[in-house]
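Work through these exercises with the structure open beside you. Try each task before you read its solution.

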Amino acid sequence: MAKAYVLINTEMGRENDVLQALKQIPNVVEAYAIYGVYDVIAKVEADSLEKVKEVISNRIRRIEYVRSTLSMIVTEP
């Protein structure tokens with residue numbers, strides 16, 4: 001199973017809106033508001049790396065109020 005963690009910057013005050021939208025995406029298995037440089041973190045899981053990339057590019061990055069993302073693909077030994 002392919003996995004990625006996505007750090008998300010949102011527009012100011014819109015963290016909860018983005019968090020609720022993330023929870024509606026089937027391949028997002030966890031999502032939390034966080035403090036620090038980023039506002040939200042999401043864990044994405046899918047059967048393939050291509051599906052993970054598709055979820056990040058076509059679903060997460062297109063959520064209203066998302067300003068930027070940093071994706072970290074999990075490598076498996």
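Two strands pair if DSSP finds at least two bridges between them. Keep in mind that this is a predicted model.

**Exercise 1. Find the partners of the central strand residues.**
Task: Which residue in β4 stands opposite I8? Which residue in β3 stands opposite V6?

Solution.
Step 1. Look at β1 and β4. Seven bridges join these strands, and they run antiparallel.
Step 2. Find I8. T69 in β4 stands opposite I8.
Step 3. Turn to β3, residues 40-46. Strand β1, residues 2-10, is joined to β3 by seven bridges, again in antiparallel fashion.
Step 4. Find V6. A42 in β3 stands opposite V6.
Step 5. Add one more pair. K3 has E45 in β3 as its bridge partner.

**Exercise 2. Draw the sheet.**
Task: What is the order of the four strands in the open sheet? Which strands lie at the edges?

Solution.
Step 1. Write down the order: β2-β3-β1-β4, with antiparallel pairing.
Step 2. Mark the edges. These are β2 (28-33) and β4 (66-73), each of which pairs on one side only.
Step 3. Add the turn. On average, neighbouring strands of this sheet are turned by 20° against each other, direction ignored.

**Exercise 3. Place the helices.**
Task: Which strands does helix α1 lie across? Which strands does helix α2 touch?

Solution.
Step 1. Take α1, residues 15-22. Helix α1 lies across β1, β2, β3 and β4. The helix runs at about 170° to β2.
Step 2. Take α2, residues 49-60. Helix α2 packs on the sheet and touches β1, β2, β3 and β4. Its direction makes about 15° with that of β1.

**Exercise 4. Classify three residues.**
Task: Is T10 buried or exposed? How do K51 and Y32 count?

Solution.
Step 1. Recall the cut-offs. Buried means under 20% relative accessible area, exposed means over 50%, and partly exposed is in between.
Step 2. Start with T10, in strand β1. Its relative accessibility is 5%, so T10 counts as buried.
Step 3. Put T10 in its setting. Seven of the nine residues of β1 are buried, so this strand is mostly covered.
Step 4. Go to K51, in helix α2. Its relative accessible area is 36%, so K51 is partly exposed.
Step 5. Finish with Y32, in strand β2. Its value is 46%, so Y32 counts as partly exposed.

**Exercise 5. List the contacts.**
Task: Which residues does each of T10, K51 and Y32 touch, leaving aside those within four places in sequence?

Solution.
Step 1. T10 touches E15, V18, D39, V40, Y65 and R67.
Step 2. K51 is in contact with N27 and A46. K51 and N27 are 24 residues apart in sequence, and 8.9 Å apart in space, C-alpha to C-alpha.
Step 3. Y32 is in contact with L19, D39, V40 and I41.
Step 4. Now look at side chains. A polar contact of 3.1 Å joins those of K51 and E54. The side chain of Y32 makes a polar contact of 2.9 Å with the side chain of E30.

**Exercise 6. Check the rings.**
Task: How many aromatic pairs does the structure hold? What sits over the ring of Y65?

Solution.
Step 1. Count the aromatic pairs. There are zero.
Step 2. Look at Y65. The charged end of R14 sits over its ring, 4.2 Å from the ring centre.

Conventions. Residues are numbered from 1 along each chain as its sequence is written. This is a predicted model: local features need pLDDT of at least 70, side-chain atom pairs count only at pLDDT 80 or more; totals for chains, interfaces and linings use all residues. Side-chain values use heavy atoms; hydrogens and water are left out. Helices (H or I, at least four residues) and strands (E, at least two) are DSSP runs, numbered from the N terminus. Axes are lines fitted to C-alpha atoms, for helices over the stretch in contact, and angles run from 0 to 180 degrees between N-to-C directions. Contact means heavy atoms within 4.5 Å. Rings of Phe, Tyr and Trp (its six-membered ring) pair if their centres lie within 6.5 Å; planes under 30 degrees apart count as stacked, over 60 as edge-to-face and the rest as tilted. A charge sits over a ring if NZ of Lys or CZ of Arg is within 6 Å of the ring centre and within 35 degrees of the ring normal. Buried means under 20% relative accessible area, exposed over 50%, partly exposed in between (1.4 Å probe, protein chains only). A polar contact is a pair of N or O atoms within 3.5 Å; within protein, one must be able to donate a hydrogen and the other to accept it, and residues adjacent in sequence count only if both atoms are side-chain atoms.
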